[in-house]
Amino acid sequence: MENDYTVYGLMPRSTRYAFANLDYLGVTAQVDFVDGDMTDEASLINAVRRTRPDEVYNLAAQSFVATSWEQPMLTTDVNAVGTLRLLEAVRHFAPRAKFYQASTSEMFGNCHDNGIQTEDTPFHPRSPYAIAKLYSFWIVNNYRESHGCSA
């Protein structure tokens, strides 16, 4: 990497060697993949313990809104509870790491003014996906305030 970073990416067992989504970016040779699954607490603990990251970017999600209606439990497990599992692993094994949580405009639902959202726009999630992402938003804020995390 340009800034002399070592970049690790989680690789769930179910997608082992499925790099097609990354190949077009030309980054697979620059990322060290470690076993990890947002639905498996032990794998996240092992990944964080092994890598001891300075920064964590949670980009993992079941990100298809329509699929969240078909698989609401999986969506919640990955997108909401998975974030909590990752926060716990970071809190215990990389407590100084900065934590970034990817969010979505879906958390605001249909209650935006002419497509413009501000810090004052109320949350109004309209799908299991949006609700799970809103949970992640709030749990990261809670960890920041309650545990002094750099989330």
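Visitor: What makes strand E3 and E4 a pair, and in which sense do they run, parallel or antiparallel?

Guide: In this predicted model, E3 (residues 55-58) and E4 pair in the parallel sense over four bridges. Pairing requires at least two bridges, so the four bridges of E3 and E4 satisfy the criterion. Within this pairing, Asn58 stands opposite Gln101 in E4.

Visitor: Why are the side chains along E4 said to alternate?

Guide: Phe99 and Gln101 point to one face of E4 (residues 98-101) and are buried, whereas Lys98 and Tyr100 point to the other face and are not. Buried means under 20% relative accessible area, so Phe99 and Gln101 lie below that cut-off.

Visitor: How do you know that the buried residues of H2 are on the same side?

Guide: The buried residues of H2 are Ser43, Leu44, Ala47, Val48 and Thr51. They cover an arc of only 130 degrees around the axis, and therefore lie on the same side of H2. These buried residues pack against strand E1 (7-11), strand E2 (31-35) and H4.

Visitor: How is the packing of H2 (residues 41-51) and H4 (residues 72-93) described?

Guide: Two packed helices are described by the angle and the distance between their axes. The axes of H2 and H4 come within 9 Å and cross at roughly 40 degrees, and the crossing is right-handed.

Visitor: Which residues of H2 meet H4?

Guide: Glu41, Leu44, Ile45, Val48 and Arg49 in H2 meet residues of H4, among them Leu86, Ala89 and Phe93. By class, this contact has seven nonpolar, one polar and three charged residues.

Definitions and conventions:
Residues are numbered from 1 along each chain as its sequence is written. This is a predicted model: local features need pLDDT of at least 70, side-chain atom pairs count only at pLDDT 80 or more; totals for chains, interfaces and linings use all residues. Side-chain values use heavy atoms; hydrogens and water are left out. Axes are lines fitted to C-alpha atoms, for helices over the stretch in contact, and angles run from 0 to 180 degrees between N-to-C directions. A crossing is left-handed if the near helix is turned anticlockwise from the far one by less than a right angle, and right-handed if clockwise. Contact means heavy atoms within 4.5 Å. Ala, Val, Leu, Ile, Met, Phe, Trp, Tyr, Cys and Pro count as nonpolar, Asp, Glu, Lys and Arg as charged, and the others, Gly among them, as polar. Buried means under 20% relative accessible area, exposed over 50%, partly exposed in between (1.4 Å probe, protein chains only). The arc is that of the directions from the helix axis to the C-beta atoms.
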